[in-house]
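Q: I am new to this structure and would be grateful for a close look at a single residue. Please set out its surroundings and then place them within the whole chain.

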Amino acid sequence: MTVELGRYGIWRHAGGLTPELAREIEALGYGAVWIGGSPPADLALAESLLDATTHVAVGTSIVNMWSSPAAEVAASYHRIEARHPGRFLLGVGVGHPEATSDYTRPYASLVAYLDELDAAGVPSAGRAIAALGPKMLKLSADRSAGAQPYLTTPRHTRESRELLGDGVLLAPEHKVVIDTDPQRARSVGRPFVHKPYLGLRNYTSNLLRLGWTEADIADGGSDALIDALVAHGDADAVAAQLAGHVDAGADHVCAQVLTEGYADPLPPMRALAEALELG
């Protein structure tokens with residue numbers, strides 16, 4: 001892989017990312033800023049974040065192949081790479097069947113999309129693939145720098161590393177609430193798990209593979225499931241939970257820092273950076 005991500009980064013939906021916030025994230029010592037959702041093919045937000053910073057990496061998590069034509073994405077990739085060499089990682093994926101009317105033969109369609117990126121000169125080392133199940137994980141190893149699993153646990157990270165082997169990027173996302181009150185933390189974290197993810201079968205199938213039950217997934221998720229998917233506690237406790245992914249074989253962990261309502265995300269990001277000793 002040609003992009004240096006560091007050990008920990010910040011994942012945030014595109015609507016909550018600004019150049020100013022990217023500068024703050026970089027100053028706190030995080031190695032990467034991840035653009036969540038399905039950013040459009042022009043990748044303008046990624047470019048603006050890179051323009052505003054000096055060394056932090058920026059990645060997409062993920063560009064949706066159904067809505068972003070490969071030729072347009074490739075042109076944007078080359079534009080960004082020329083302007084900010086070695087700082088952008090193109091994350092791509094197939095999205096969710098419930099959200100895409102054209103969702104047919106997703107694996108074959110993604111292979112064809114990667115073929116188009118190859119033909120347009122986008123290097124495999126400059127891209128990663130959203131992957132949960134074994135087939136997509138293997139594809140991520142064969143056709144990209146590696147995998148970007150979302151809504152997972154250290155158990156999934158461990159099993160993914162065993163499947164991928166060494167030398168393949170493994171960068172799971174994990175949600176975070178800095179709050180020592182479990183009930184309050186769950187009330188913040190549960191909505192970000194429940195809708196839409198507990199209604200999307202690629203995620204629920206993965207959770208069932210990991211040993212969770214239909215009862216855990218129902219009604220917004222059991223407390224045990226929410227606690228596994230949303231790290232909470234003081235900053236040191238949360239840092240220890242994120243380190244569980246590293247211990248299980250992750251190269252990089254994308255922390256999605258959640259706050260109640262529209263609260264400023266910087267204080268918990270700062271506390272977590274201190275606990276992770278990023279400075």
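A: A polar contact is a pair of N or O atoms within 3.5 Å; within protein, one of the two must be able to donate a hydrogen and the other to accept it. The model discussed here is a predicted one. In it, the side chain of H156 reaches the backbone oxygen of L132 at 2.9 Å, and L132 is also among the residues that H156 touches. Leaving aside residues up to four places away in sequence, H156 touches A131, L132, P149, N206 and L210.

H156 itself belongs to helix α6, which covers residues 154-164. Its relative accessible area is 3%; because buried means under 20%, H156 counts as buried.

The wider setting is as follows. The protein chain contains twelve helices and eleven strands. Of its 279 residues, 56% are buried. Among contacts with a separation of 6 or more, 72% join residues 24 or more positions apart.

As for overall dimensions, the C-alpha trace spans about 50 × 40 × 35 Å along its principal axes. The radius of gyration of the protein chain is 18 Å, which agrees with the value near 19 Å for a compact globule with 279 residues.

On the outside, the accessible surface of the protein chain comes to about 11,400 Å², and carbon and sulfur atoms hold 52% of that surface. The protein chain carries 22 positive and 34 negative side chains. The centres of these two sets lie 4 Å apart.

Key: Residues numbered from 1 in each chain as written. Predicted model: local features only at pLDDT ≥ 70, side-chain atom pairs only at ≥ 80, totals over all residues. Heavy atoms only, no water. Helix = DSSP H or I, 4+ residues; strand = E, 2+ residues; numbered from the N terminus. Buried < 20%, exposed > 50% of the residue type's maximum accessible area, 1.4 Å probe, protein only. Contact = heavy atoms within 4.5 Å. Rg over C-alpha atoms; globule rule 2.2 N^0.38 Å. Areas by Shrake-Rupley, 256 points an atom, 1.4 Å probe, with all protein chains shown as cover. Lys, Arg positive; Asp, Glu negative; His and termini not counted. Charge placed at Lys NZ, Arg CZ, Asp CG, Glu CD.
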